[in-house]
Amino acid sequence: MASTIFSSSSSSAVLLALAVAIIALCVAPAVCTSRQPPDVKTVGGFRIKLKSVDFGKNLSTFERVARGMKRGQLRLQRLNALMASLAEDSDSSADVEAPVHAGTGEFLMDLSIGSPSVSYSAILDTGSDLIWTQCKPCKDCFTQSTPIFDPFKSSSFSKLPCSSSLCEALPQSACSSSSNDCEYLYTYGDYSSTQGIMATETFKFGKVSVPNIGFGCGSDNEGDGFTQGAGLVGLGRGPLSLVSQLKEPKFSYCLTSIDDGKASTLLMGSLASNSGSSSKSSSSSSSSSTTPLIKNPSQPSFYYLSLEGISVGGTRLPIDKSTFTLKNDGTGGIIIDSGTTITYLEDSAYEALRKEFISQTKLTVVNESSSVSTGLDLCFNLPSSTDSIEVPKLVFHFEGADLDLPSENYMIADTTVGMVCLAMGSSSGMSIFGNIQQQNILMLHDLEKETLTFIPAQCDSL
């Protein structure tokens with residue numbers, strides 16, 4: 001893979017250097033039953049390497065983006081449908097539908113479960129809370145690359161009763177007819193789901209073992225998106241999530257470029273703000289900035305942000321202040337999500353951004369009938385006789401933090417097909433700040449202070 005060099009300037013444009021090749025701007029029976037889950041002691045902190053679900057595959061930049069977008073489309077559609085139903089329920093004073101969680105993600109983390117421990121890969125999801133894996137005996141389980149967890153073989157497995165706090169925290173739960181076991185059903189935005197019993201187990205993250213983690217032991221799991229891993233680790237804001245159970249209010253992740261083939265990093269607890277030698281300075285952004293995290297009672301798992309505006313090439317877009325506001329009925333707003341590939345903006349905001357990009361980018365817009373399909377809405381033809389192009393600077397104005405994005409975080413180029421595309425799209429309900437826009441920025445979540453801090457970093461050296 002050819003290397004890519006980007007340079008920024010203080011002007012309203014960013015110089016985008018093009019390499020010769022592809023470049024990226026880029027339920028099981030109980031062994032025992034406990035009355036309540038014992039407290040999970042604080043573990044200080046640990047780091048875990050993350051790999052893209054497409055890690056190691058021989059794909060071009062556009063192919064990687066297209067695959068990620070396809071995985072996220074059903075989720076986005078379901079979330080937008082949910083926003084519409086929330087508005088309808090608010091108007092009719094009907095009961096609000098149970099929260100829907102983000103669903104399948106784009107990154108995998110390796111961990112172990114049980115005593116003796118069994119290794120598996122789990123999908124990392126900042127848009128949901130529940131930790132779960134497939135369990136024997138399976139009623140309906142998808143094929144996974146590692147053995148399905150067998151609770152009978154683990155001495156540390158313990159089922160949770162309906163009276164447990166974690167059972168009560170579930171959006172949908174019930175007591176089994178033959179016992180007091182907590183049965184759960186957890187659904188996701190892409191129409192996938194997991195169903196089984198709640199239990200506690202010892203989980204091992206790297207070299208760190210943590211006992212008494214509450215998790216779902218799923219015997220009925222449906223959804224194509226889960227097949228990349230053997231379960232899911234929720235990092236949302238609710239009591240079921242890993243960050244909440246660890247009682248460490250901080251976590252961060254640092255995502256490498258979508259096309260550099262290197263692992264990303266998840267930092268938990270006391271290590272969350274330790275960017276080590278990865279901090280980097282640039283002319284566009286050389287220091288950290290912090291913005292509030294907003295809660296949405298209707299969708300408590302998501303991390304909402306306060307986006308006040310967007311600038312393209314120094315021009316503040318004519319976007320109404322209410323466009324990204326989280327409304328009282330739970331609709332609208334913008335979330336930050338590691339599991340969504342590109343950023344989706346509310347329709348009117350995206351159209352304003354698209355129009356300004358066309359105006360300021362001195363390149364020809366690719367005809368929609370082009371034989372090369374990228375899945376992205378706005379693409380330009382690359383001149384064949386140049387090694388670099390200028391693209392407008394892009395700044396997201398969050399409350400208290402102006403995030404000046406490097407060009408590789410919003411423009412994707414492929415010289416083999418002669419195109420460069422804007423890695424963004426439109427949405428008719430909520431907006432989502434995607435993972436391409438988060439590349440090489442340490443995303444520090446502090447749930448005690450209710451803040452998100454952006455720290456420029458070189459994620460592959462973290």
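These legends accompany close-up views of a predicted model.

**View 1. The whole chain sets the scene for the close-ups.**
The protein chain has four helices and 31 strands. Of its 462 residues, 57% are buried. The accessible surface comes to about 18,100 Å². Carbon and sulfur atoms account for 49% of that surface. A search of the whole structure finds six disulfides and nine salt bridges. With bonded cysteines counted along the chain, the disulfide pattern reads 1-8, 2-3, 4-6, 5-7, 9-12, 10-11.

**View 2. Cys135 and Cys217 are joined by a disulfide.**
The S to S distance is 2.0 Å. The torsion about the S-S bond is -110 degrees, and the link is left-handed. Cys135 sits in the loop between strand E7 (132-134) and strand E8 (158-159). Cys217 belongs to strand E12 (residues 208-222). The pair therefore ties together parts that are 82 residues apart in sequence. Both Cys135 and Cys217 are buried.

**View 3. A disulfide joins Cys162 to Cys175.**
The two sulfur atoms are 2.0 Å apart. Cys162 lies in the loop between E8 and helix H2 (165-169). Cys175 lies in strand E9 (residues 173-175). The pair links distant parts of the chain, 13 residues apart. Are the two cysteines buried or partly exposed? Cys162 has 14% relative accessibility, so it counts as buried. Cys175 has 43%, so it counts as partly exposed. The cut-off for buried is under 20% relative accessible area.

**View 4. Cys167 and Cys182 form a disulfide.**
Their sulfur atoms are 2.1 Å apart. The torsion about the S-S bond is about 90 degrees, so this disulfide is right-handed. Cys167 is in helix H2, and Cys182 is in strand E10 (residues 182-187). The pair links distant parts of the chain, 15 residues apart. Cys167 counts as buried because its relative accessibility is 3%. Cys182 counts as buried because its relative accessibility is 0%.

**View 5. Helix H4 covers residues 347-360.**
What span should its 14 residues have at 1.5 Å a residue? The expected span is 20 Å. The end C-alpha atoms of H4 are 20 Å apart, so the model agrees with that value. The buried residues of H4 are Ala349, Tyr350, Ala352, Leu353, Arg354, Glu356 and Phe357. Charged residues appear in this buried set, including Arg354 and Glu356.

**View 6. Asp129 is buried yet has no salt bridge.**
Asp129 is placed in the loop between strand E6 (118-125) and E7. Which side chain of opposite charge is nearest to Asp129? That side chain belongs to Arg237, 8.3 Å away. The cut-off for a salt bridge is 4 Å between nitrogen and carboxyl oxygen. The backbone of Arg237 gives another view of this pair. The backbone nitrogen of Arg237 lies 3.2 Å from a polar atom of the Asp129 side chain.

**View 7. Asp54 forms a salt bridge with Lys57.**
The closest N and O atoms are 3.2 Å apart. Asp54 has 2% relative accessibility, so it counts as buried. Lys57 has 35%, so it counts as partly exposed.

**View 8. Asp446 and Lys250 form a salt bridge.**
The closest N and O atoms of Asp446 and Lys250 are 3.9 Å apart. Asp446 is in strand E30 (residues 441-446), and Lys250 is in strand E14 (residues 250-254). The pair links distant parts of the chain, 196 residues apart. Asp446 is buried, with a relative accessible area of 5%. Lys250 is partly exposed, with a relative accessible area of 28%.

**View 9. The side chains of Lys262 and Asp460 meet in a salt bridge.**
The N to O distance is 3.3 Å. Lys262 lies in the loop between E14 and strand E15 (264-269). Asp460 lies in the segment after strand E31 (451-456). The two residues are 198 apart in sequence, and the pair links distant parts of the chain. Lys262 is partly exposed, with a relative accessible area of 46%. Asp460 counts as partly exposed because its relative accessibility is 29%.

Terms used. Residues are numbered from 1 along each chain as its sequence is written. This is a predicted model: local features need pLDDT of at least 70, side-chain atom pairs count only at pLDDT 80 or more; totals for chains, interfaces and linings use all residues. Side-chain values use heavy atoms; hydrogens and water are left out. A disulfide is a pair of cysteine sulfur atoms within 2.5 Å. Buried means under 20% relative accessible area, exposed over 50%, partly exposed in between (1.4 Å probe, protein chains only). Accessible areas come from the Shrake-Rupley method with a 1.4 Å probe; for residues, only the protein chains shown count as cover. The expected span of a helix is 1.5 Å times one less than its number of residues. A polar contact is a pair of N or O atoms within 3.5 Å; within protein, one must be able to donate a hydrogen and the other to accept it, and residues adjacent in sequence count only if both atoms are side-chain atoms.
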